[in-house]
Every structure is written in C-alpha cells, then in structure tokens.
Amino acid sequence: MSKVKKKVKVIKIDLDKCNGCRACELICSAYHATPKYSSNNPARARIRLIREPLQDVYLPVYAGEYTAAECMGRDKYVIDGKEYDECAFCRASCPSRDAFKEPDSGLPLKCDMCEDEEEPLCVKWCINDALTYEEREEEVEEEAMLEEMETGLKSLIDKYGLENLVDTIARMSQKN
Ligand code: SF4
Ligand code: SF4
C-alpha cells in the first residue's frame, strides 16, 4: 500500500492564558448560526468553556465525534490540587449529557475547524492567545486513509440513512 499526504489541523490550548472570557463560544455560535452571524447562542458553539472561577478553572473543550453509547465508567482528574468534573475533558456528544447538542433539534455538534476560513475563528477571537492554530502534513498509509473515510461514511449513513446519502451523491455527480 502506498503512502499519501494528509493535512492535520491542530488547535493548541494554553490553559494558563485562558481567563474564561467566552469570546470563543460566542464567535463559534455566531459563525454557525443560520444565516451566518444572525444570532449568538453559546449552547450552539462547538467549543465549550468549563468555568469554575472560585477554583480558578477555565478550560476550553472542543466538540469531537458523536457517540451513541455512553461510558460505563468515569475518570476523575485532580491537577494542581483542582478537581475536574468526571466528564470535563471529554469531547464527545453523548446520550448522558447535554453538552455539544444543538439546543432545538438535539443533533450532535462537532468542531469543523470553521470549514473554509483561513484560521479558526475561535483562535482569531481569543485575545489572550490561549488558542493557537497549527497545520502540518503527515504521511499515512493509504489503507489508514481509506479506513478513516469508511468510518466517516458509516457515521453519515447512521445519521442520514443510506438512501439519502446515495441520492445526495447522485445529485452531486450530476452537477459535475
Ligand atoms: S476566547 Fe480564549 S481566553 Fe476567552 S474563554 Fe476562549 S480560550 Fe479562554
Ligand atoms: S474551530 Fe471553528 S468550529 Fe471549531 S470551535 Fe473554533 S470557531 Fe467553532
């Protein structure tokens, strides 16, 4: 199997610089409103601030993949004497909590790195430089890339159904 290049996008979080201002939540929810920038409800953001000012805890967490099954166990973290909620670091939209769910429809939300924007907007709007964007290229086995594609397709099928997906692909290829 040959190697192919894959672009990896990373947002680095520096917790020491975050002051919990929540500008990242605001801009993310505004960018993803329909139409764009028509509203700013942080419940629609793909980034969520865990704020516990009395403990001096400000922790941005990005929305990751949806999972249909909730965890059987939980982890508890104590860092520098501060105790974090059992699900604090989890990025998944899952059945056991409301985080990362579209408030009206309940559909899972996932960070898309602001699609076609040059730089993710949460990074741009973080005046404290707590968020830094990095891009790098990695060489991966073509097989691994195909597996990733299969996983993506499977989640689309789970979400929209095979027939809808096939119809959409047929429509797209007619346009080309
Ligand atoms: S914009 Fe930056 S400083 Fe403000 S809450 Fe988000 S990550 Fe923290
Ligand atoms: S990268 Fe874009 S989509 Fe992801 S959390 Fe930041 S603003 Fe939201």
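Trainee: Leaving aside its neighbours within four places in sequence, which residues is Ile47 in contact with?

Mentor: In this predicted model, Ile47 is in contact with Cys24, Glu25, Cys28, Pro60, Tyr62, Cys111 and Cys122. Each pair qualifies because the C-beta atoms lie within 7 Å.

Trainee: Which residues touch the most other members of the largest nonpolar core?

Mentor: That core has 20 residues, and Ile47 belongs to the group that touches the most other members, together with Cys24, Cys28, Cys122, Cys126 and Leu131. H1, strand E3 (57–62) and H2 each supply at least two residues of the core. The largest share, four residues, comes from H1.

Trainee: Why is Cys114 called buried?

Mentor: The threshold for a buried residue is 20 or more other C-beta atoms within 10 Å. Cys114 has 20 C-beta neighbours inside that distance, and therefore counts as buried. Its place is in the loop between strand E5 (82–84) and H2.

Trainee: Why is Arg22 called partly exposed?

Mentor: A residue is exposed at 12 or fewer neighbours and buried at 20 or more, with partly exposed in between. Arg22 has 17 C-beta neighbours inside 10 Å, so it is classed as partly exposed. Arg22 is placed in the loop between strand E1 (3–13) and H1.

Trainee: What is notable about the phi of Arg22, and what about that of Cys114?

Mentor: Arg22 has a positive phi of about 70 degrees although it is not a glycine. For Cys114, phi is near 60 degrees, again a positive value in a residue other than glycine.

Trainee: What is the omega of the peptide bond from Thr34 to Pro35, and is that bond cis or trans?

Mentor: Omega is near -10 degrees, and the bond is cis. Pro35 is found in the loop between H1 and strand E2 (47–52).

Trainee: Which residues come nearest to ligand 2?

Mentor: Of the 13 residues around ligand 2, the nearest are Cys28, Cys111, Cys114, Pro120 and Cys122. The elements giving two or more residues to this shell are helix H1 (23–31) and helix H2 (121–125). H1 provides the largest share, three residues.

Trainee: How do the residues of the shell around ligand 2 divide into nonpolar, polar and charged?

Mentor: The shell has 11 nonpolar residues, no polar ones and two charged ones. Cys and Pro count as nonpolar, so the residues that come nearest, Cys28, Cys111, Cys114, Pro120 and Cys122, fall in the nonpolar group.

Note on methods. Residues numbered from 1 in each chain as written. Chains lettered and ligands numbered in written order. Predicted model: local features only at pLDDT ≥ 70, side-chain atom pairs only at ≥ 80, totals over all residues. Near = placed C-beta within 6 Å. Core = buried A, V, L, I, M, F, W, Y, C linked by C-beta atoms within 7 Å. Contact = placed C-beta atoms within 7 Å.
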